[in-house]
Amino acid sequence: MTRHLLVVDDDAELCQLLSEYLMPEGYDVEAVHNGTEGVERALSGDHALVVLDVMLPDVRGFEVLRQLRARSRMPVLMLTARGNEQDRILGLEMGADDYLAKPFNPRELSARIEAILRRSGDRRTVDARAGELAVDDVTMNKASRMVRRGPEPLDLTTVEFDLLEALLRAAGRVIPRDELVRTVLNRPFSPFDRSIDTHVSNLRRKLGPGADGLDRIKSVRGIGYQYTLRHAPRGVEK
Amino acid sequence: MRLHIKVFLWFWLGVVVVSGTLIGLTELTHSRVQDDRLWREKYGPRVDLWARQETHILRTEGPAALEAYVGSFQADPGVTNFMFDASGREVFNRTASPPVLKMVDGLMQSSGWTQGVDAAERIIAERVIDAKGNPYVVVVDFPAPSVLSRSLVDLLAADFSDGRPTRASLLRLTVVVGVAGIFCFVLARHIAAPIDRLRSATKKIAHQQLQTRIDRGVLNRGDEIAALGRDFNGMADRIETLVTAQRHLLADVSHALRSPLARLNVALGLARRHSAPGAREHLDRIELETERLNTLIGQLLTMARVDSGIGLEPRVVFDVAAIVDEVAMDADYEARARRCVVEVSGARNCMVSGAADMIRGAIENVVRNAVRHAADGTPVEIFLERRDEKMPGTVVINVRDHGAGVPEKIVPSLFVPFYRGPHADNNQNGTGLGLAITRRVFEVHGGTATAANAEGGGFVVVLELPLQAQGGADQSEAVRPTIEEQGKNAITAA
């Protein structure tokens, strides 16, 4: 099965090389070299995923992401400049599914694309075995991929949804960071990669404090994260 | 207008107004006393004359004639004539005001012919004795000055003639001090307010809010402060341009250097697919060197950012102990491969202010360095220490490994960029910039970074940072910048 990818990067030669590299892995790469065209093509619905460079000649990658996110949930992998933490955090906060620092190893790029696609592909298969998960006032519906805090719906990215699901399933138990990286981000844990922490902090911000005013997601020093539990989980997945 | 002219005119005006107030007050009280004296000189003898006449009329022509005579006084508006007999009764049963009665009482006590004057109430009374020896008191009550001017003048002028410092002179002094105070306050504000604005603008620029400018309110003054404001704006324009240019340059350099590396990486990936089995080792080497080159470029750019101050934004207040924990947790993961552990102990909650990412990177350099040099199976110990004796205190991070240590004489050189020691083990993973960056980052945050061989073997790096003052207003800003701010920074960093 050939999957269509959109690469938005002003480096035409790199796009060419990528297209060549990804072809045997079953990807058909369409490359555009500026943001305006990037938004236009990304919204066409022809692609399974967008690889978006932060540095574009006309509009910044973030602006492309913002415009895209306003209309579509399609998976986005951001390419950021290495060492620029702010870009990474901002990208993930704005709803990118993952990021990769440039220059990157092409093996890693294809692994991450694979991971994101697997995750977003899950969405469709999950629909069949719809289930609801609830801890305290937070309810998540896997079929509709809706999360509510009380009556209020929360707008979570795909990664945040999966992260919350992992935390809610293990509510009250500490999940080590490396396990979260493996299960939620679908990639091997590497130290000094703080994306899981960024996702946790975004999720924390969106969930807001619990009824007792404390963070719902607790950092456990040296180990990982824990969804604090006041009552036992009510909903049970079918 | 020039500032010195302005200050001169203001002071001058102040002096004029204050002395004017002083002179005015003196005049007011003086004329009041003058008034009273003139009135007294004019009416004193007249009342004496009327009193004699009235007594005479009463005795010779009887009360009816006296009533007619007194009635003629009533024609003068406001002037009332009373006559009291020895029993204190008003002859025609008219009611008199309390000051009149008070004066009558006083005069009845005395003896003989006496005149009493109440200048303030404009009352003159005279004790007269008729032929039979009966005392009478004749009172002429003139219209008093209006209550307002009365009380004001009383307040300011009472006891003026005494020549002693009294309640009234204290009051006068208060008025003068008050008027002078108002003038000085306005003048001081006029000078200090724009300087305050300049100061806060300068502070904002120093905190990288480069769009800050002095507003029209100050620029329209037309004095030296306005000129200073215009110069400030000129300077701010220039700084903004330079910093923006520098940012663009760094971003462009980064982009320009990394784009070929990105292509090289992908090309390498392609080459691996089509390579003969024997080429693999060489391709691995190419990949390793590419990675090193990339790390080096990253560190050079970091160095440039720290030196230019560009990478130091956003400045936030954060807990450095939490960052140490995070770094240690990651380093520990890395260290496990060599049966090493990274342990953190000591102080908690050490709030510092600065660029959190930069400081994280700086600490990471040191901790990873320690892990790299630790002997297999030994711990890397990180100890945090708060030093609160001085305000604001500092936090000291000691990172100690149990490795071979470093020859004593090259210890000071370890922080020099690209320093290669005589026994450097080819420094396979280091670029020679890590510790140099750490020191620069700590220095720009007002801290220090030093190193020494530890007692009992191993090596210790000591990092010190000033703590954020406790309870400061900044404390409330102890949060990560909001998305908007980050967005702004990201956009300006473009």
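This passage walks through a predicted model with a chain A and a chain B, looking at confidence, chain B, the contact and one sheet in turn.

It helps to begin with how far the model can be trusted. Chain A has an average pLDDT of 84, and 91% of the residues score at least 70. One stretch of chain A calls for more care: over residues 124-129 the pLDDT is below 50. Beyond near neighbours in sequence, that stretch makes three contacts in the model. Where pLDDT is low, the predicted coordinates should not be read in detail.

Chain B comes next. Twelve helices and eleven strands are found in chain B, and 26% of its 494 residues are buried. Among the contacts in chain B with a separation of 6 or more, 66% are between residues 24 or more positions apart.

Where do the nonpolar residues gather? The largest nonpolar core has 46 residues, of which B:Val320, B:Val324, B:Ile363, B:Val367 and B:Val380 touch the most other members. Two or more residues of this core come from each of H9, strand S6 (341-346), H10, strand S8 (379-387), strand S9 (394-401), H11, S10 and S11 of chain B. H10(B) provides the largest share, with nine residues. A second, separate core holds 43 residues, including A:Leu6, A:Met55, A:Leu56 and A:Tyr99. In soluble globular proteins, nonpolar side chains tend to be buried together. For a close look at one member of the largest core, B:Val324 is a good choice. Leaving aside residues up to four places away in sequence, B:Val324 touches B:Val344, B:Ile363, B:Ile382, B:Leu384 and B:Ile397.

Helix H11 of chain B, which spans residues 434-444, is mostly covered, with nine of its eleven residues buried. Among the buried ones are B:Leu435, B:Ile437, B:Val441 and B:Phe442, and the list also includes B:Arg439 and B:Arg440. The cover over the buried residues of H11(B) includes two helices, H8 (280-308) and H10 (356-373), together with strands S10 (448-453) and S11 (459-466) of chain B. Just after H11(B), B:Gly446 adopts a positive phi of about 80°.

The two chains also touch each other. Chain B brings 31 residues to the contact and chain A brings 29 residues. On the chain B side, H7 (224-274), H8, H9 (320-335), H10 and H12 (483-492) each supply at least two residues. Which helix gives the most to this side? That is H7(B), with twelve residues. By type, the residues of chain B that touch chain A divide into 13 nonpolar, eleven polar and seven charged.

Finally, chain A offers a neat sheet to follow by eye. Its three strands lie in the order S10-S12-S11, forming an open sheet with antiparallel pairing. Strand S10 (174-176) and strand S11 (217-220) of chain A are the edge strands, each pairing on one side only. Neighbouring strands of this sheet are turned by 30° against each other on average, direction ignored. Four bridges join S11(A) to the antiparallel strand S12 (residues 224-227) of chain A, and A:Ile217 has A:Tyr227 in S12(A) as its bridge partner. Helix H6 of chain A, residues 158-169, packs on the sheet and touches S10, S11 and S12 of chain A. The direction of H6(A) makes about 70° with that of S12(A).

Technical notes. Residues numbered from 1 in each chain as written. Chains lettered and ligands numbered in written order. Pairing = 2+ DSSP bridges. Axes fitted to C-alpha atoms, helices over the stretch in contact; angles between N-to-C directions. Contact = placed C-beta atoms within 7 Å. Buried ≥ 20, exposed ≤ 12 C-beta atoms within 10 Å, placed from the backbone. Nonpolar A, V, L, I, M, F, W, Y, C, P; charged D, E, K, R; others polar. Core = buried A, V, L, I, M, F, W, Y, C linked by C-beta atoms within 7 Å. pLDDT = per-residue confidence, 0-100.
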